[in-house]
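Here's a quick tour of a protein model, written for someone just starting out. Keep the structure open while you read, and try picking out each residue as it comes up.

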Amino acid sequence: MRPFLAALLMLISAMPAFAQPKKDRLSESVDRGLKFLALLQEKDGAWLSSGNKHPAVTSLAVMAFLSAGHVPGEGPYQANVDKGIRWVLQQQRPDGLIAAAGDYGEMYHHGICTMMLCEVAAMTDAKLSAEIKPKLEKAVKLILKAQRTEPGIYRGGWRYRIESNDADISVTGWQILALRGARNLGCDVPAERIDLALKFVQQCRDPRTNGFTYLPSGGVTNACTATSILALELVGKERHHSREALLAGSYLLKNPQQPNDPHFHYTVYYSSQAMFQLGNNYWNVYRPQLHKLLLDSQQRNGSWLINEPLGPSYATAMSLLALTVEYRLLPIYQRNEEPDAKKDVR
């Protein structure tokens with residue numbers, strides 16, 4: 001044994017002291033994407049879309065860093081994250097709205113920005129959380145004000161503008177995510193408003209396909225189906241793994257997303273979260289599809305550009321958020337792990 005031990009010790013001593021375990025492809029992809037995002041940030045902290053400083057894209061970029069574990073005050077991207085948060089806070093108007101001036105899709109901006117502030121308040125130190133909380137409460141009040149409460153098929157949903165007569169599943173999805181995050185922080189979100197929102201989501205369900213539509217009685221899309229699954233999964237344990245959500249998950253697996261599909265990054269963002277929430281075989285089957293879609297399409301400079309009129313900052317942030325869902329660092333990415341939730345693909 002002694003000659004063997006001596007040889008082993010010689011081999012160990014000959015190994016380079018600086019040897020590091022090799023990162024897997026997912027980690028390398030995330031690192032490259034974050035480096036690209038950091039380079040695109042404006043000096044004041046904003047990120048651009050179509051040449052304009054964009055509160056929603058800035059919020060998505062901030063969340064991309066948070067989702068990989070980079071928070072204000074820590075790590076190599078602490079300054080990027082802090083400047084992005086503070087720029088978004090500065091965009092809030094006296095009535096609570098956070099949106100680009102004159103943008104018709106003001107509720108898109110507002111829902112995404114509000115969700116980001118919820119995630120930041122839950123992940124950072126008490127001082128920053130205390131600074132955010134009053135602004136967040138104003139933002140939540142505006143979401144509740146903008147919800148359709150009048151009778152009809154649009155009741156419970158949201159649309160592009162604060163004052164609208166209809167609603168769609170896309171804008172509604174962002175508001176539900178924001179309200180869920182706000183409720184977790186102790187903000188006043190009446191349960192009946194969540195129930196109203198879910199009734200609108202159910203209005204968009206197509207029982208023939210088990211998918212969901214953009215407007216009630218519209219055409220089924222993967223993006224709307226994934227958005228609806230996530231809404232159903234995140235609003236309360238009593239609705240976790242509902243029959244409607246599980247059947248919709250099966251719809252997504254039977255109709256996999258393609259690289260040339262419209263709204264590619266929006267769809268991959270919501271699909272990753274929806275399938276991760278469903279877990280088990282839904283996630284096990286979807287995860288390789290997700291990685292093939294995104295890891296194979298990432299550019300050499302770390303960006304994503306597929307089919308995206310909103311630009312590389314948006315595309316890259318959404319791709320990173322999809323890839324890092326399994327890191328579970330964002331509070332919105334947490335999921336139930338109840339034993340009775342182990343259900344198979346249908």
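A residue counts as buried under 20% relative accessible area, as exposed over 50%, and as partly exposed in between. R86, at 31% relative accessibility, therefore counts as partly exposed. One thing to keep in mind throughout is that this is a predicted model. With that said, let's start from R86 and its charged partners, then move on to rings, a helix and a couple of contact lists.

**Salt bridges around R86**

- The count for the structure comes to twelve salt bridges, and R86 takes part in the bridges described next.
- R86 forms a salt bridge with D82, and the closest N and O atoms are 3.3 Å apart.
- R86 and D82 sit four residues apart in helix α4, so about one helical turn separates them.
- How exposed is D82? With a relative accessible area of 26%, D82 is partly exposed.
- R86 also forms a salt bridge with E131, with the closest N and O atoms 2.7 Å apart.
- This pair links distant parts of the chain, since E131 is in helix α6 (residues 126-146) and R86 is in helix α4, 45 residues apart.
- E131 counts as partly exposed too, at 35% relative accessibility.

**Other charged groups**

- R159 and D168 meet through their side chains in a salt bridge, at 2.8 Å from N to O.
- Are R159 and D168 buried or exposed? Both of them are buried.
- R159 has a ring partner as well: R159 lies over the face of Y160, 4.7 Å from the ring centre.
- R335 does something similar with F276, lying over the face of that ring at 4.0 Å from its centre.
- R25, K292 and D296 are joined up in a network of salt bridges.

**Aromatic pairs**

- How many aromatic pairs does a search of the whole structure find? The search turns up eleven of them.
- Take F65 and Y77: their ring centres are 5.0 Å apart and their planes meet at 50°, so this pair is tilted.
- F65 belongs to helix α3 (residues 55-67) while Y77 is in the loop between α3 and α4 (78-90), so the pair ties together parts that are twelve residues apart in sequence.
- F65 counts as buried because its relative accessibility is 0%, and Y77 counts as buried because its own is 13%.
- W283 and Y286 make another pair, with ring centres 6.3 Å apart and planes at 45°, so this one is tilted.
- W283 and Y286 are three residues apart in helix α12 (residues 280-295), so about one helical turn lies between them.
- Both W283 and Y286 are buried.
- Ring pairs also link W174, Y266, Y269 and Y270 into a cluster.

**Helix α5 and V120**

- Helix α5 (residues 106-123) has 18 residues and reaches 26 Å from its first C-alpha to its last, close to the 26 Å expected at 1.5 Å a residue.
- Why call α5 largely enclosed by the rest of the structure? It's because 15 of its 18 residues are buried.
- V120 is a residue of this helix, and V120 is buried, with a relative accessible area of 0%.
- Which residues is V120 in contact with, leaving aside its neighbours within four places in sequence? They are V62, L66, I85, L128, S129 and I132.
- V120 and A223 are 103 residues apart in sequence, and their C-alpha atoms are 26 Å apart in space.

**H70 and the loop between α3 and α4**

- Where does H70 lie? Look for H70 in the loop between α3 and α4.
- H70 is buried, with a relative accessible area of 14%.
- Not counting residues up to four places away in sequence, H70 touches L34, F65, P76, Y77 and V81.
- Two of those names should ring a bell: F65 and Y77 are the tilted ring pair from earlier, and H70 touches both F65 and Y77.

Methods
Residues are numbered from 1 along each chain as its sequence is written. This is a predicted model: local features need pLDDT of at least 70, side-chain atom pairs count only at pLDDT 80 or more; totals for chains, interfaces and linings use all residues. Side-chain values use heavy atoms; hydrogens and water are left out. Rings of Phe, Tyr and Trp (its six-membered ring) pair if their centres lie within 6.5 Å; planes under 30 degrees apart count as stacked, over 60 as edge-to-face and the rest as tilted. Helices (H or I, at least four residues) and strands (E, at least two) are DSSP runs, numbered from the N terminus. Buried means under 20% relative accessible area, exposed over 50%, partly exposed in between (1.4 Å probe, protein chains only). A charge sits over a ring if NZ of Lys or CZ of Arg is within 6 Å of the ring centre and within 35 degrees of the ring normal. The expected span of a helix is 1.5 Å times one less than its number of residues. A salt bridge is a side-chain nitrogen of Lys or Arg within 4 Å of a carboxyl oxygen of Asp or Glu. Contact means heavy atoms within 4.5 Å.
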